[in-house]
Amino acid sequence: MHCVREVTDNLYWVGANDHRLTLFENIHPIPKGVSYNAYLLLDKKTVLFDTVDWSACRQLLQNMEYLLGDRPLDYLLINHMEPDHAATIEEVLIRWPQVKIISNDKAFLLMRQFGFHVDSHELISVKEGDTFSFGDHTVTFVAAPMVHWPEAMVTFDTTNGVLFSADAFGSFIALDGKLFADEVNFDRDWLDEARRYLTNIVGKYGPHVQLLLKKAAGILDQIKFICPLHGPVWRKDLGYFIDKYDKWSRYEPEEKGVLIVYASMYGNTEAAAQCLAAKLCEQGLTNVAVYDVSNTHVSYLISEAFKYSHIVLASVTYNLGIYPVMHNFLMDMKALNLQNRTFAIIENGSWAVKSGDLMSAFITDQLKNMTLLNERLSLASSLNESKAAELDSLAAALVESVKG
Ligand code: FEO
């Protein structure tokens, strides 16, 4: 049975939702699912914009067969070759053997690498600035390298103002019937997952996202719809989401506040983290989030690190090093290029307190443009009243820094 939604005149969402996949890219948990978006344009010629993950193949084909009826599929336009969108290319080619493929040379190379038999089809290689007409609709192409793979491009329909934005402006969470961002409470229910998607998938490539945003700025007044490959379609308040993407990709904090992430083996470092959180709130700094690094998937911590202006790392010393899960968090911040944050340290150890110096060195030497507060809370096994002044001083320094 088909399951489609109309985006605008003659343009349909023909994708599918996935609640079965546990780990996106086999690494990031997606407890609320994900959508694979593909779009079908019924102009004088018919055009499929991208395909879907292999798991959604049957739904895509049923959707296309329903909308096309007796019409052929004239063009398959591929903006992005990652298999969560491109795995079904071969199945489309088999069913519509006359289809012509529009994409770029890098993408055609990847199609061959993935084993798709594209060379028996007419291949139309496009580059930035080229235009192509399907009848009433004319599209133009904009290169979007490393957003999120090197071949990625976005396609803009100059006739109806639809931007097919590939991975840009995407989000985790299955659509479950709701296609448009204005059909959900995005700020309340989706923003955290949109940030987690962007920062973990494309976080490393902020400058490339910035480049794409600069190109989009030139046609901003013409963009009426943003159709990403995951998550809802935007037709209202586009500036809200563009602004979020701008902040995230510039590595600017979304909010002034404090993220406290602790690594605690027996609850003593956790208690110190909680005491600090209470002190901050007591002083009116209530935008505070506290996480246990050991039972929070690092993708959530990365998303929160991109959100908050200040980060407190509280870690035990383990084998004379940083607690391994905390070290993994630091490594992920480095890999995803997080910048422009202010850090503070809580360290703990029962005979050799090393974690503070090691975390400080990592922040200073391996992360970019970070500020490290001088105040540090150093614990020998547990927090006690003798440390009250140190704790107060750390809290005061954080409050002053956040307010400043
Ligand atoms: Fe959703 Fe880079 O693919």
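How many cavities of 30 Å³ or more does the structure contain? In this predicted model, the count comes to two cavities of that size. The following paragraphs describe these cavities, then the pockets, and finally the charged pairs and a nonpolar patch on the surface.

The largest cavity has a volume of about 60 Å³. Its lining is formed by Val 142, Val 154, Leu 163, Leu 212, Lys 215, Ala 216, Ile 219 and Ile 223. Sorted by class, this lining comprises seven nonpolar residues, no polar residues and one charged residue. Helix H6, which spans residues 206-217, supplies the largest share of the lining, namely three residues. The second largest cavity has a volume of about 40 Å³. Ala 143, Ala 144, Pro 145, Val 147, His 208, Leu 211, Leu 212 and Lys 215 line this second cavity. Six of these lining residues are nonpolar, one is polar and one is charged. Here too H6 gives the largest share, with four residues. Leu 212 and Lys 215 appear in the linings of both cavities.

The largest pocket has a volume of about 300 Å³. A total of 17 residues line this pocket, and those nearest its centre are Met 265, Thr 317, Gly 349, Ser 350 and Trp 351. Two or more lining residues are given by each of helix H8 (268-282), strand S19 (308-318) and strand S21 (342-349). The largest share, three residues, comes from S19. What is the make-up of the lining of the largest pocket by class? The lining holds seven nonpolar and 10 polar residues, and no charged residues.

The second largest pocket encloses about 210 Å³ of space. Its lining consists of Cys 3, Trp 13, Gly 15, Ala 16, Asn 17, Asp 18, His 19, Arg 20, Ser 55, Ala 56 and Gln 59. Strand S3, covering residues 16-18, contributes three residues, the largest share of this lining. In terms of class, four of the lining residues are nonpolar, five are polar and two are charged.

Attention now turns to the charged side chains. Side chains of opposite charge can pair when their charged atoms come close. In the model, the count comes to 20 salt bridges. One of them joins Lys 44 to Asp 136, with the closest N and O atoms 3.0 Å apart. This pair links distant parts of the chain, the two residues being 92 residues apart. Lys 44 lies in the loop between strand S7 (39-42) and strand S8 (46-49), whereas Asp 136 lies in the loop between strand S12 (131-133) and strand S13 (138-143). Both Lys 44 and Asp 136 are exposed.

A further salt bridge is formed by the side chains of Glu 254 and Arg 195, at 2.7 Å from N to O. Glu 254 is placed in the loop between helix H7 (238-250) and strand S17 (255-263), and Arg 195 in helix H5 (residues 186-201), so the salt bridge ties together parts that are 59 residues apart in sequence. Are these partners buried or exposed? Glu 254 has a relative accessible area of 13% and is therefore buried, because the term applies to values under 20%. Arg 195 is likewise buried, at 0% relative accessibility.

The side chains of Arg 376 and Asp 357 also meet in a salt bridge, at 3.0 Å from N to O. Arg 376 belongs to strand S22 (residues 371-380) and Asp 357 to helix H11 (residues 355-366), and this pair links distant parts of the chain, 19 residues apart. With a relative accessibility of 25%, Arg 376 counts as partly exposed. Salt bridges that share partners also join Asp 192, Arg 195, Lys 244, Glu 254 and Glu 304 into one network. The pair of Glu 254 and Arg 195 described above is thus part of this network.

On the surface, Met 265, Tyr 266 and Tyr 318 form a nonpolar patch, and together they have about 360 Å² of accessible area. Tyr 266 is located in the loop between S17 and H8. At 73% relative accessibility, Tyr 266 counts as exposed, because that class begins over 50%. Met 265, a member of this patch, is also among the residues nearest the centre of the largest pocket.

How values were computed. Residues are numbered from 1 along each chain as its sequence is written. This is a predicted model: local features need pLDDT of at least 70, side-chain atom pairs count only at pLDDT 80 or more; totals for chains, interfaces and linings use all residues. Side-chain values use heavy atoms; hydrogens and water are left out. On a 1 Å grid over the protein atoms alone, a cavity is a set of points where a 1.4 Å probe fits but cannot get out, and a pocket is an open set with protein on both sides within 12 Å along at least five of seven lines; lining residues have an atom within 4 Å of a point. Grid points are joined across faces, edges and corners, and a volume is the space filled by probe spheres set on the points. Ala, Val, Leu, Ile, Met, Phe, Trp, Tyr, Cys and Pro count as nonpolar, Asp, Glu, Lys and Arg as charged, and the others, Gly among them, as polar. A salt bridge is a side-chain nitrogen of Lys or Arg within 4 Å of a carboxyl oxygen of Asp or Glu. Buried means under 20% relative accessible area, exposed over 50%, partly exposed in between (1.4 Å probe, protein chains only). Patches are made of residues with over 30% relative accessible area and no salt bridge: like charges are joined within 9 Å, nonpolar side chains (Val, Leu, Ile, Met, Phe, Trp, Tyr) within 5 Å. Accessible areas come from the Shrake-Rupley method with a 1.4 Å probe; for residues, only the protein chains shown count as cover.
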